[in-house]
Amino acid sequence: MCGIVGYIGQKQSLPILLEGLKRLEYRGYDSAGLAVLNEGKIHILKQVGKIASLEAELTGSHMPGVVGIAHTRWATHGEPNQTNAHPHCDCTGNIALVHNGIIENYNSLKKVLTDKGHTFRTETDTESIVHLIEEFYHNGTSFEEAFRSALLEIEGTYGITLISRYEPDRIYCARKGSPLVVGIGKNEYFVASDASAIIAHTRNVFYLEDGEIAIVSREGFITKTIHNKPVTKKVEKISFDLERIEKAGFPHFMLKEIYEQPQTVADAMRGRLIEEEGVSKLGGLTTILHNVLRSRKIFITACGTSYHAGLVGEYMIEQYCRIPVEVEYASEFRYRDPIIQDDNLVIVITQSGETADTLAALREAKRKGATVMGIVNVVGSTIARETHGGTYIHAGPEIGVASTKAFTSQVTALALLTLMIARTKAMSAEEGRQIVKEMKKLPEKVEVALQTDKLVAQIAREFKDKRNFLYLGRGYNYPVALEGALKLKEISYIHAEGYPAAEMKHGPIALIDDDMPVVVIAIHDSTYEKIVSNIEEVKARKGRVIAVVSEGDDKLNKLVDYTIPIPTTLDLLQPIISIIPLQLLAYHIAVLRGCDVDQPRNLAKSVTVE
Ligand code: AGP
């Protein structure tokens, strides 16, 4: 949601804070700010808009100081403006604080504190925290006690980092629900919402858990619970390198990540396929393998693109493992009191590993006795740490807000899981070997699908000014239609809907006219003849049809307006290839419409509040 950075050391903090903010800008980018402590004074600068406008404000002036905090915002409470931008201060200006999350009881706190004489300057929920700390501190407790006492009063989620004139050589951090990582350097420490903001300075980090605080100084750090119990932290090494979070010459992270997919699909399978036995092995499931294999029912729960990957997983597992699967939006699953038995498996799918609704769904499933496994991208993320076991998809950092490579790697991981379970049930070694063989061909087939880029860019020029799009697919390609529509919606702001192709006759066909582009995934699979007649229904109403077809399929050339030929594979793996031209179509239309492809309006990469 928001991005937090902090630094305490020997170096000037400003450049470190600004560079860190730029790396976290994909988390939220409607306003930003920073506070630097120098000679016992806290200097603050806040600006509406992107980090660039904050930097512009700094031109010609510099904020000296070797201790500082910074924040890039995705507004939840209080509109994006300079006043509501973080950091927020107490009445005296002696404490400056940045926060990621939502304080649910801020209104009642604000009332109590206002009655006690505090002056609130912003519309934010966050400001209640800093006044609460001020209140406890002025009631005579130590600053640390004031910090912990305030945290005990707060309801909601937070990742908090603060500096104060009372303890100028310390940075205070706390976590409940929103991620915080602390980076360890030589006589310097870094704090951030995720490791990408500090990897340029250190690879040694530890992650705060819910209910923990860290007090960091140049000499070291203290970690304990908000109830004052000491906590020993395991220092881990960040696995990815700086290069992976640069644009590598592409105009946008999204396009770079689309082109990374031959590599990332291969990475998702690396060391997990045993061709001669026709099986897959997922080391991260070792501790829960028995429960996974004996599960009598499987729930898959996630949000957004990850939910669409889950829908593909449903088709796979039911077809090959004959285990009933229910796919649920995490935001519904967590509140609808699902019927879960202890021989049920709940799979949570998430790129960031921090999505609040998915985290809550995980905790609900665990509470109800299910075995919970994760399919996660971000190593060391909260959801990865809280599942009973899981599979990392190894897609590397995904910076573009519109998820692309994570989707194809999530579907690859689901295929590996399906193969692993199915080979312990009715699937023969021969059938298993065939799937392994086809999986190993995926990277090169994705490479070929990427070569439709120029054709897709041309098609995009034709349809960039359309106000509505329909996406149609059948079977395994129905979730691909949903995902294609989501990509277009989120980065080009064009209204688009994905539908099972046969469902059209039950309503959406009323939308069809010569101004309605209809994207159809019409691959030569078991539903081909059916999808052709759906296309004829659209053409009969003068709809403009863009069809994703199998290489060499000349039949549809005569029927539709545009064909985009792609390689084919087994039905269960086809979504990994079919989605490529749809990602490119959304990308090119958004670029042609001048949209901010990597940081589309109103969105954030990781939704850490519900
Ligand atoms: C997809 O492009 C969006 N960024 C969004 O729908 C995303 O998939 C959703 O927020 C889930 O995120 P997660 O995979 O990190 O949990």
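This briefing covers the ligand site, helix H11 with a residue of strand E20, and the pairing of helices H4 and H5. The model is predicted. In it, 13 residues surround the ligand, and helix H9 contributes three of them, the largest share. Helix H11 is mostly covered, with nine of its 12 residues buried, and helix H5 is likewise largely enclosed by the rest of the structure, since eight of its 11 residues are buried.

**The ligand and its shell**

- Of the 13 residues that surround the ligand, the closest are Ser306, Thr350, Gln351, Thr355 and Glu490.
- By residue class, the shell around the ligand consists of eight polar, three nonpolar and two charged residues.
- Oxygen atoms of the ligand lie 2.7 Å from a backbone N or O atom of Gln351 and 3.0 Å from a backbone N or O atom of Thr305, while an N or O atom in the side chain of Lys487 is 3.1 Å from an oxygen atom of the ligand.
- The ligand taken alone exposes 410 Å², and the protein buries 91% of that area.
- Two elements, helix H9 (304-321) and helix H16 (478-492), give two or more residues to the shell around the ligand, and the largest share, three residues, comes from H9.

**Helix H11 and what follows**

- Helix H11 covers residues 356-367, and its end C-alpha atoms are 16 Å apart, which agrees with the 16 Å that its 12 residues should span at 1.5 Å a residue.
- The buried residues of H11 are Ala356, Asp357, Thr358, Leu359, Ala360, Ala361, Leu362, Glu364 and Ala365, so that nine of the 12 residues in this helix meet the criterion of under 20% relative accessible area.
- Packing against these buried residues of H11 are three strands, E17 (297-302), E19 (344-350) and E20 (371-376), together with two helices, H10 (330-333) and H12 (382-386).
- After H11 comes Gly369, which has a positive phi, near 90°.

**Thr371 in strand E20**

- Thr371 is found in strand E20, one of the elements against which the buried residues of H11 pack.
- With a relative accessible area of 6%, Thr371 falls under the 20% limit and is therefore classed as buried.
- The side chain of Thr371 makes a polar contact, at 3.0 Å, with the side chain of Asn291.
- When residues up to four places away in sequence are not counted, Thr371 touches Ile288, Asn291, Asn344, Leu345, Val346 and His388.

**Helices H4 and H5**

- Phe136 has its place in helix H4, which comprises residues 127-138, and its relative accessible area of 22% makes it partly exposed, because that value lies between the 20% and 50% limits.
- Leaving aside neighbours within four places in sequence, Phe136 is in contact with Thr141, Ala146, Ser149, Ala150 and Glu153.
- Ala150 is 14 residues from Phe136 in sequence, yet the two residues are 7.1 Å apart in space, C-alpha to C-alpha.
- Helix H5 spans residues 143-153 and is largely enclosed by the rest of the structure, because eight of its 11 residues are buried.
- Those buried residues of H5 are Phe143, Glu144, Ala146, Phe147, Arg148, Ser149, Ala150 and Leu151.
- The cover over the buried residues of H5 includes helix H4 as well as strands E6 (95-100), E7 (158-164), E8 (171-176), E12 (212-217) and E13 (220-225).

Conventions:
Residues numbered from 1 in each chain as written. Predicted model: local features only at pLDDT ≥ 70, side-chain atom pairs only at ≥ 80, totals over all residues. Heavy atoms only, no water. Near = heavy atom within 4 Å. Polar contact = N/O pair within 3.5 Å; in protein donor to acceptor, adjacent residues only side chain to side chain. Areas by Shrake-Rupley, 256 points an atom, 1.4 Å probe, with all protein chains shown as cover. Helix = DSSP H or I, 4+ residues; strand = E, 2+ residues; numbered from the N terminus. Nonpolar A, V, L, I, M, F, W, Y, C, P; charged D, E, K, R; others polar. Expected span 1.5 Å × (residues − 1). Buried < 20%, exposed > 50% of the residue type's maximum accessible area, 1.4 Å probe, protein only. Contact = heavy atoms within 4.5 Å.
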